[in-house]
Amino acid sequence: MKMKSFEDSVKSLEKLIEELEQGDLPLEEALKKFEEGVKLIKYCNKKLDEAEQKIEIILRDEKEPKTAPFEEPEG
């Protein structure tokens, strides 16, 4: 499977989840889609870890490293 962008991978994963939740796939096809979903999850987690590492590098202070938790804006 060729990996797409993070955003495209999340969209593909959402589509796979919808298809699996419908419950009308033959077993072999469901297993194939489940396996594809696991690969997408691993890929997305890797990309999120990489982004977190980049953020930590950006936030590093010259004297001591610091990190700040990501907080979504309210509203």
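Biologist: What should the 17 residues of helix α1 (residues 6-22) span at 1.5 Å a residue, and what is the distance between its end C-alpha atoms?

Modeller: An expected helix span is 1.5 Å times one less than its number of residues. For α1 that gives 24 Å. Its end C-alpha atoms are 25 Å apart, which agrees. Helices are DSSP runs (H or I, at least four residues), numbered from the N terminus. This is a predicted model: local features need pLDDT of at least 70, side-chain atom pairs count only at pLDDT 80 or more, and totals for chains, interfaces and linings use all residues. Residues are numbered from 1 along each chain as its sequence is written, and side-chain values use heavy atoms, with hydrogens and water left out.

Biologist: Which residues of α1 are buried?

Modeller: Buried means under 20% relative accessible area, exposed over 50%, partly exposed in between (1.4 Å probe, protein chains only). In α1, S9, S12, L13 and L16 are buried. They cover an arc of only 100° around the axis, so they sit on the same side of α1. That arc is taken from the directions from the helix axis to the C-beta atoms. The face turned away carries exposed residues, among them E7, K11 and K15.

Biologist: How many salt bridges does the structure hold?

Modeller: A salt bridge is a side-chain nitrogen of Lys or Arg within 4 Å of a carboxyl oxygen of Asp or Glu. The structure holds two. One joins K33 and E19 (2.8 Å, N to O). K33 lies in helix α2 and E19 in helix α1, so the pair ties together parts 14 residues apart in sequence. E50 forms a salt bridge with K47, at 3.5 Å between the closest N and O atoms. Both lie in α2, three residues apart, about one turn of the helix.

Notes:
Helix = DSSP H or I, 4+ residues; strand = E, 2+ residues; numbered from the N terminus.
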